[in-house]
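Work through the exercises below with the structure in view. Try each task before you read its solution.

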Amino acid sequence: MKYLYYPGCSLRSTGRAYEESLLAVFRVLGIDLAEIDDWNCCGATNYMSINEHRAIAITTRNLALAEQQGGSGEVHIIAPCNACYMGLQKTKIYLDTEQGLREKILKTMEGAGLRYEGRVVIRHPLDVLINDFGLDKLKMAVKKPLHDLRVISYYGCQMVRPIATFDHEADPVSMDQVAMTLGATAVDWGMKLRCCGGSMTSTVPDVGQRLNYLLLKEAKAKKGDIMITACPLCQFNLECFQGKISKKFRDDISIPVMFFTQLMGMALGIPEKELGIHRLFVKPRPVTV
Amino acid sequence: MSHHKEEIRIGVYICHCGHNIAGTVDVTGIAEYASRLPNVVISKDYKYMCSDPGQVLIGQDIAEHKLNRIVVSSCSPLLHEKTFRDALVKGGLNPFFLQMVNIRENVSWVHTDTDDANLKARDLVRAAVHRVAYQKELTKKKVPVNPDVLIVGGGIAGISAALTMADAGKKVFLVEKEPTIGGHMALFDKTFPTLDCAACILTPKMSSVKKHPNITLWSYSEVSEVSGFVGNYKVKVTRKPRYVIEELCVGCYACVDECIFKEGKFPDEFNLGMSKRKPVYLPFPQATPLVAVIDDKTCIHFKTGKCQQSCAKACDRNAIDFNQQPEVKEIEVGTVILTTGFKAFDARRLPYYGYGKFPNVFTSLEVERMVNASGPTEGHVVLKDGSKPKSVGIVHCVGSRDEKTNKWCSRVCCMYSLKLAHLIKEHTGAEVYNFYIDMRTPGKGYEEFYDKLLREDVHFIRGRVAEVSDWATTSDEEGKLIMRVEDTMVGMVRRIPVDMVVLSVGLEPRDDAQDIRKLFNISCSTEGFFLEKHPKLAPVDTFTDGVFIAGAAQGPRDIPDSVAQAGAAAAQALALIDSGHVELEPNTAYITDTLCSGCKSCLNICPYKAIAFDDEKRKSVINEALCKGCGTCVASCPSGAIRQNLFEDEEIFSEIRGLFVESI
């Protein structure tokens, strides 16, 4: 099966390592990705609350472009960033269920010379890896099993909430399953879905950094060697301020935080350079040793 | 309609039902419209057709205008068909010359647009006028009622119903799936709000059931087949082999003591897996019948065939029989009472409460067993490490009042949570927190019990608990279970560290409720509990005559209400039995011999095995007593030889013509 790929803004900026590692891993596994031509903002965060029509219209443009490019029948779009994943899904559901809104948006699309027919399926890379590719096949592709590595999977808010399609909304396990398939120990912990601080980390650091701290502290308390995420913002928040947080709370909470695809790439034997490991601030020593 | 022998004279009555119909439908206009329809002699509208004057009106018009067909346009026939059929009889007409049109549920209650509602009402009345002209004179058959009763489910509801029926002199078959009767109530230590000992009030009833000469108790048994109809049900009950001869066993425990397993090894169902039992066991010391059971899934004899059978040797009454086979009992009963109870919500479905993950998160039923002196901890409320909890949080509404799991209120949880709070405090002296959404304590002495708890220094925090976790933010929280909750009284999110969490799980339909529903041909409401015939006025009847329901199988219910319902169900069954006979709706199929080609295609199609083949005449024959009037054979007969009373071709075709073609 061929998938269309929607990178979103973060994967071209702070989350470059996510894109690099995702593309490398999918290439090695033989999963075909074709980037959607001329894609635009997913409409994440504030836009949706300020002007719903415009937010949904710009998001729908991506879906319409994908249908145009993907040919007839169902068109599967992989959206790796959790915020994009949720934004695209939410838009599709709105269009599917709100007749009045759909009509308005379709008219807007017409104005842009586009058609949206509702043939898109929004997929998360974890969903594709587990349900399309299969963990058995993944296991066979592992070249350097991550034995003795305690992995803390951190899902963040938007992968399963408010729309849970491929994993449990209150107790997701997909990233843990991938980690176990790579040979690592998946550490069960109670903060898989707790807030990473979101935009607060930069805007209201007192609040945001406390939220970061609680997560990092618990990851250490559970004796995690490494944290993995599927969201550029989660990764950024949890990794970038570790020095400040350690000082502020007088508690050493340093722990490598990387994208799950980077961890996969290491187990698959892909060179670190191709996985963007050099971009990490907190170097993942336990893996590379 | 010239081919009718008699002149058809129809009376049409449009009911206002107060504002229920008249508020949306132009009743006078419809009556006026109907008066112009073919064969209609008189057409009237009236405020309440079901009232006495309304019924008298029909009778008077029959006499005065020589009416011979009646159309009543009002509510659902389920509600008042009998009323109006009786009115026809009083007026001297055959009751089957009535046709009802439901312009309430099907029109006024579901339409807001008056014009559309009026059009639909006119169409339906016109169709009925066309149909009724073809309706035939029919007679109801009277069938005697078998006075014996089957009760399925031996919890407190089934036990109560059984004793009432048996005391009234009726023969009762009480069928229970588990090895003992007693149901959920047998698990409890104390009952709310009086805190009287559950066993003390239940076990005498259980032994009365066993001793009663009119009650046949079949435990470890399930109903496997039901046929027949009201007053005359034929039922097959499968008795599972317990490998112990019930008549010989005296419950002395010798077999249990001598089992080659020196200690219990398998999860004890009665203690919800919190203790272990041997393959041969008695559920609890007051089990009824007090007869051992051998679980063939864990017994070495059944698994390997290589057991020294020390249990059999230990039994000086030779009661153990490894060769026992399932036994099918066939019985005939006139009435059935279903008291199959409920299932407790599986707390694993809400992973954020940590049940199954954190050892000190318990369900309310597990704590019920813990506070019970004969339970797994001999009455001590303890943590998994054996120590006493210093603080306990009780979460209300787990699997109740929740869009994501069950929307309904389980009715008993507030009260049993209060009871557990009291008992836990009494047993441990711990700080006890109740996390509730609303306190629901309607019931005699219930609010007073809540008040008593408020004075016992139990904490009440209003808010649905968001999660139970083990991640600590402060040193106070280290090693504790932390309950995160929005305290809606204070307006802030709180984190409360405790040693033990109790999840007050709600009540759900049993997993096999659908199987039972199909067996007895009754209905379930959307959430899966058995559906009563009318929520207010026929709460223990079902839409299948002669089958009654009581207890938590019908909906979440506490002990007093279950017992009350059981009494009501018994009274309904007794009323039916004592009337001596039932009248059967004459909706059966019949065969016109001259048309039957003897192709036999109807034989296998009949779901009730009501059709036989007469080899001599080479024709099919329908047994009217078995025919349920489903119409399957009627539709399938290639030569049109099978017809059905109340659903004759002429009636249906004329109705359709009336609906679509002959608009005026």
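**Exercise 1: Helix crossings in chain A**

H3(A) passes H5(A) in a right-handed crossing. (A crossing is left-handed if the near helix is turned anticlockwise from the far one by less than a right angle, and right-handed if clockwise.) Before going on, note that this is a predicted model: local features need pLDDT of at least 70, side-chain atom pairs count only at pLDDT 80 or more, and totals for chains, interfaces and linings use all residues. Residues are numbered from 1 along each chain as its sequence is written, while chains are lettered from A and ligands numbered from 1 in the order in which they are written.

Task: Describe how H3(A) meets helix H5 (residues 99-111) of chain A.

Solution.
- Step 1, geometry. The two axes come within 10 Å and cross at roughly 65 degrees. Axes are lines fitted to C-alpha atoms, for helices over the stretch in contact, and angles run from 0 to 180 degrees between N-to-C directions. Helices (H or I, at least four residues) and strands (E, at least two) are DSSP runs, numbered from the N terminus.
- Step 2, residues. From H3(A) come His53(A), Ile56(A), Ala57(A), Thr60(A) and Ala64(A). They meet Leu101(A), Lys104(A), Ile105(A), Thr108(A) and Met109(A) in H5(A). Two residues are in contact if their C-beta atoms, placed from the backbone, lie within 7 Å.
- Step 3, classes. The contact of H3(A) with H5(A) has six nonpolar, three polar and one charged residues. Here Ala, Val, Leu, Ile, Met, Phe, Trp, Tyr, Cys and Pro count as nonpolar, Asp, Glu, Lys and Arg as charged, and the others, Gly among them, as polar.

Task: How do helix H3 (residues 52-70) and helix H4 (residues 82-97) of chain A pack?

Solution.
- Step 1. Their angle is about 95 degrees, and their axes are 10 Å apart.
- Step 2. H3(A) and H4(A) are therefore roughly perpendicular to each other. (Angles under 35 degrees count as roughly parallel, over 145 as roughly antiparallel, 65 to 115 as roughly perpendicular and the rest as oblique.)
- Step 3. H3(A) contributes Ile56(A), Thr59(A), Thr60(A), Asn62(A) and Leu63(A). H4(A) contributes residues including Gly87(A), Leu88(A) and Tyr94(A).
- Step 4. By class, this contact of H3(A) with H4(A) has five nonpolar, five polar and one charged residues.

**Exercise 2: A helix pair in chain B**

Task: At what angle do helix H3 (residues 52-65) and helix H4 (residues 77-90) of chain B pack?

Solution.
- Step 1. The angle is about 40 degrees, with the axes 8 Å apart.
- Step 2. That makes H3(B) oblique to H4(B).
- Step 3. The crossing of H3(B) and H4(B) is right-handed.
- Step 4. Gln55(B), Ile58(B) and Gly59(B) of H3(B) touch Thr83(B), Ala87(B) and Lys90(B) of H4(B).
- Step 5. Sorted by class, the contact of H3(B) with H4(B) has two nonpolar, three polar and one charged residues.

**Exercise 3: Strands of chain B**

Task: In which order do the three strands of the open sheet stand?

Solution.
- Step 1. The order is S11-S12-S17 (chain B), with antiparallel pairing. Two strands pair if DSSP finds at least two bridges between them.
- Step 2. Strand S11 (221-229) and S17 of chain B stand at the edges, each with a single partner strand, so one side of each has no neighbour in the sheet.
- Step 3. Eight bridges join S11(B) to strand S12 (residues 232-239) of chain B. Gly228(B) stands opposite Tyr233(B) in S12(B).

Task: Describe the pairing of strand S32 (residues 611-614) with strand S33 (residues 619-622) of chain B.

Solution.
- Step 1. Four bridges join these antiparallel strands.
- Step 2. Phe613(B) has Ser620(B) in S33(B) as its bridge partner.
- Step 3. S32(B) and S33(B) form a hairpin with four residues between them. Arg618(B) in the turn has a positive phi of about 60 degrees.

**Exercise 4: Backbone exceptions**

Most residues other than glycine have a negative phi, and most peptide bonds are trans.

Task: Where does Pro162(A) lie, and is its bond from Arg161(A) cis or trans?

Solution.
- Step 1. Pro162(A) is in the loop between strand S5 (150-153) and helix H8 (174-181) of chain A.
- Step 2. The bond from Arg161(A) to Pro162(A) is cis, with omega near 0 degrees.

Task: What is the phi of Asn318(B)?

Solution.
- Step 1. Asn318(B) has a positive phi of about 50 degrees, although it is not a glycine.
- Step 2. Asn318(B) sits in the loop between helix H11 (310-314) and strand S17 (327-333) of chain B.
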